[in-house]
Amino acid sequence: MQIVLIRHAHSQANARGVLSGRLPNISLSEKGVKQSHDLATRLGVFPVAEIRISPMQRCHETIAPWVAALPKTTQKLLVTEQNLTEVDYGSWSGKKLSVLSRHKLWKTVQANPSAMYFPEGEGLAHMQQRAMQAVHETLNSKRSGAGVLVSHGDVIKAIVAGALGMHLDDFQRIVIDPASVTILDYSHGKARLTLLNDVRSNLNEALSGPKRAKNLLGGGAGK
């Protein structure tokens with residue numbers, strides 16, 4: 001199965017440079033609305049096993065144009081997944097990133113995130129654990145097709161790190177932009193990262209094309 005990880009499009013909080021966390025009523029910006037429609041076109045139609053979406057408004061707004069174009073039977077696969085929700089940043093929520101970057105704990109977030117527990121919020125290690133649970137539950141689906149997971153930047157970074165066996169302390173080395181698509185291929189056991197942080201490509205071939213060769217010799221499938 002392929003796991004398709006989609007970050008929400010540019011939000012009003014992104015535009016203001018604010019760490020919104022789980023604050024309610026955070027919509028997409030004008031730029032984000034355009035990104036959501038572009039994303040629908042880029043994704044196109046492909047076999048879908050499950051669609052799991054963070055409960056945050058910006059995630060639902062991001063995927064809505066694509067879901068609206070899907071067959072009714074596929075639309076019914078959509079579920080709100082609490083384990084994909086944004087990090088609970090606690091008392092940091094709603095504050096400017098420019099201010100937070102001067103906080104004494106900012107170095108921990110950047111250099112040792114596995115040890116970071118946000119004041120009155122949650123730890124990044126716990127976030128990774130719940131996010132990977134959503135991935136594994138999707139992989140256990142009895143339906144054929146890809147699993148589509150719509151979430152947030154730090155959550156997707158943590159999933160990619162976990163899937164590739166990276167330590168969480170290295171997850172800041174991964175970049176996940178708004179409205180980007182990342183694909184993990186579990187077709188042959190361990191996850192393979194076949195697409196990372198893509199914001200431009202037409203993804204129909206990547207999601208509907210032939211399976212990659214089981215043994216990739218010389219860095220490619222005979223290419």
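Is Asp38 buried, exposed or partly exposed? Select Asp38 and look: its relative accessible area is 35%, so Asp38 is partly exposed. (Buried means under 20% relative accessible area and exposed over 50%, with partly exposed in between, using a 1.4 Å probe and protein chains only.)

Some ground rules before we move on. What you have open is a predicted model, where local features need pLDDT of at least 70 and side-chain atom pairs count only at pLDDT 80 or more, while totals for chains, interfaces and linings use all residues. Residues are numbered from 1 along each chain as its sequence is written, and side-chain values use heavy atoms, with hydrogens and water left out.

**Stop 1: the whole chain**

Zoom out and colour by secondary structure. You'll find nine helices and eight strands; these are DSSP runs, H or I of at least four residues for helices and E of at least two for strands, numbered from the N terminus. The C-alpha trace spans about 50 × 35 × 30 Å along its principal axes. The radius of gyration is 17 Å, which agrees with the value near 17 Å that a compact globule of 223 residues would have. (That radius is taken over C-alpha atoms, and the globule rule is 2.2 Å times the number of residues to the power 0.38.)

Switch on the surface: about 11000 Å² is accessible, and 51% of that belongs to carbon and sulfur atoms. The areas come from the Shrake-Rupley method with a 1.4 Å probe, and for residues only the protein chains shown count as cover. Of the 223 residues, 50% count as buried. Among contacts with a separation of 6 or more, 72% come from residues 24 or more positions apart, a contact being heavy atoms within 4.5 Å.

**Stop 2: helix H8**

Now select 153–163. This is helix H8, and ten of its eleven residues are buried, including Asp154 and Lys157. To see what covers those buried residues, add strand S1 (2–7), helix H7 (124–139), strand S6 (146–151) and strand S7 (181–185), which are all part of the cover. Just after H8, click on Gly165: its phi is positive, about 75 degrees.

**Stop 3: salt bridges**

The structure holds nine salt bridges, each a side-chain nitrogen of Lys or Arg within 4 Å of a carboxyl oxygen of Asp or Glu.

Go back to Asp38 and add Lys34. Their closest N and O atoms are 2.9 Å apart, and both residues lie in helix H2 (residues 30–43), four residues apart, or about one turn of the helix. Lys34 is exposed, with a relative accessible area of 53%.

Next, show Arg52 and Glu137, whose side chains meet in a salt bridge of 3.2 Å, N to O. This pair links distant parts of the chain, with Arg52 in strand S3 (residues 48–53) and Glu137 in helix H7, 85 residues apart. Arg52 is buried at 10% relative accessible area, whereas Glu137 is partly exposed at 31%. Add Glu50 and Glu81 to the selection: together with Arg52 and Glu137 they are linked in a network of salt bridges.

Finish on Arg58 and Glu86, with closest N and O atoms 3.6 Å apart. Here too distant parts of the chain are linked: Arg58 sits in helix H3 (residues 57–68) and Glu86 in the loop between strand S4 (78–80) and strand S5 (95–96), 28 residues apart. How accessible are the two partners? Arg58 counts as buried at 1% relative accessibility, and Glu86 counts as buried at 8%.
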